[in-house]
Amino acid sequence: MRVLRAGDAALLVETGDLAAAHRLNAALREASWPGVVDVVPGEQTVLVVTDPSADLDRLAARLPDLPLPADAEGDAEPVEIPVVYDGEDLDEVARLTGLPRDEVVRRHASGSYTVAYLGFSPGFGYLTGLDPALHVARRESPRTAVPAGSVAIAGPYAAVYPSRSPGGWRLLGRSSLPLWDVTRDPPSLLRPGTRVRFVPEEPS
């Protein structure tokens, strides 16, 4: 674990791997240390945002001794996301990977995914665990509007668009499960460390 200053009111902790970042995030949120106002996990880092009056040197000295949980999610069941696999880019992904369309669907749906971090838009989770055979580049020309619920892949990640937004990921299908709901606490269904499964369903 490497702890760096990040401006006058934050520390950046380099954990070295995704699992450690998730465990540190969970530990800091559970500890609720005075002066810590936010914790923002990345793929291999955790940003600890503090009150301007916090003693960063003291906080940095405490971080390496913070006990980490064995598993950030414990025994929590994976979030199951139903998917109708009729995406606009499904045939193109099949062509790019050299796999039949049905095999693209099978490989995507059989994966075991973990939310690496949230970004791009509220509730947008970058999911690791995508089958390497499905690693394809983003579209050269992003769409100006991708519908909410679109299930997509790009590079080593899978994702579900929580709201309508521009985007260049390859669309494999769509889900009716709301990932972002301002009336829910917390609004995002996904959080770093959450495990995810995609469940194929027939169109209604």
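1. Leucine 127 first. In this predicted model, beyond its neighbours within four places in sequence, leucine 127 is in contact with Tyr113, Thr114 and Val115. The list continues with Pro156, Tyr157, Ala158, Ala159 and Leu190, and ends with Val196 and Phe198.

2. The main core. The largest nonpolar core has 26 residues. Leu127 is among the members that touch the most others, along with Val104, Ile153, Val196 and Phe198. Several elements each supply at least two residues of this core. They are strands S5 (79-83), S6 (113-118), S9 (150-154), S10 (157-160) and S13 (195-200), plus helices H3 (90-97) and H4 (101-109). A second core stands separate, with 15 residues. Ala21, Ala27, Trp33 and Leu56 are included in that second core. As a general point, nonpolar side chains in soluble globular proteins tend to be buried together.

3. Strand S5. Side chains along S5 alternate. Val79, Ile81 and Val83 point to one face and are buried. Glu80 and Pro82 point to the other face and are not buried. Such alternation between the two faces of the sheet is what a regular strand shows. S5 runs parallel to S13, and five bridges join them. Across that pairing, isoleucine 81 stands opposite phenylalanine 198.

4. The open sheet. Four strands form it, in the order S1-S2-S4-S3, with antiparallel pairing. Strand S1 (2-5) and strand S3 (36-41) are the edges, each pairing on one side only. From one strand to the next, the twist averages 20°. S3 and strand S4 (residues 45-50) run antiparallel and are joined by five bridges. Here aspartate 38 stands opposite valine 49 of S4.

5. Helix H1. This helix (residues 18-31) lies across strand S2 (10-14), S3 and S4. H1 runs at about 25° to S4. Its length checks out: at 1.5 Å a residue, 14 residues should span 20 Å, and the end C-alpha atoms are 20 Å apart. The buried residues of H1 are Leu18, Ala20, Ala21, His22, Leu24, Asn25, Ala27 and Leu28. Their cover includes S2, S3, S4, S6 and strand S7 (125-128).

6. The ends of H1. At the start, a side-chain oxygen of aspartate 17 reaches to within 3.1 Å of the backbone nitrogen of alanine 19. Just after the helix, serine 32 takes a positive phi of about 50°, although serine 32 is not a glycine. Serine 32 sits in the loop between H1 and S3. Its relative accessible area is 53%, so serine 32 is exposed, the cut-off being over 50%.

7. A second positive phi. Phenylalanine 120 has a phi of about 70°, again without being a glycine. Phenylalanine 120 belongs to the loop between S6 and S7. With a relative accessible area of 52%, phenylalanine 120 is exposed.

8. Serine 150. Is this residue of strand S9 buried or exposed? Its relative accessibility is 5%, so serine 150 counts as buried. The side chain of serine 150 reaches the backbone oxygen of proline 147 at 2.8 Å. Setting aside neighbours within four places in sequence, its contacts are Ala159, Val160, Tyr161, Leu171, Gly173 and Arg174.

9. A cis peptide. The bond joining aspartate 185 and proline 186 is cis, with omega about 0°. Proline 186 lies in the loop between strand S12 (170-174) and S13.

Technical notes
Residues numbered from 1 in each chain as written. Predicted model: local features only at pLDDT ≥ 70, side-chain atom pairs only at ≥ 80, totals over all residues. Heavy atoms only, no water. Core = buried A, V, L, I, M, F, W, Y, C linked by side-chain atoms within 4.5 Å. Buried < 20%, exposed > 50% of the residue type's maximum accessible area, 1.4 Å probe, protein only. Contact = heavy atoms within 4.5 Å. Pairing = 2+ DSSP bridges. Axes fitted to C-alpha atoms, helices over the stretch in contact; angles between N-to-C directions. Polar contact = N/O pair within 3.5 Å; in protein donor to acceptor, adjacent residues only side chain to side chain. Expected span 1.5 Å × (residues − 1).
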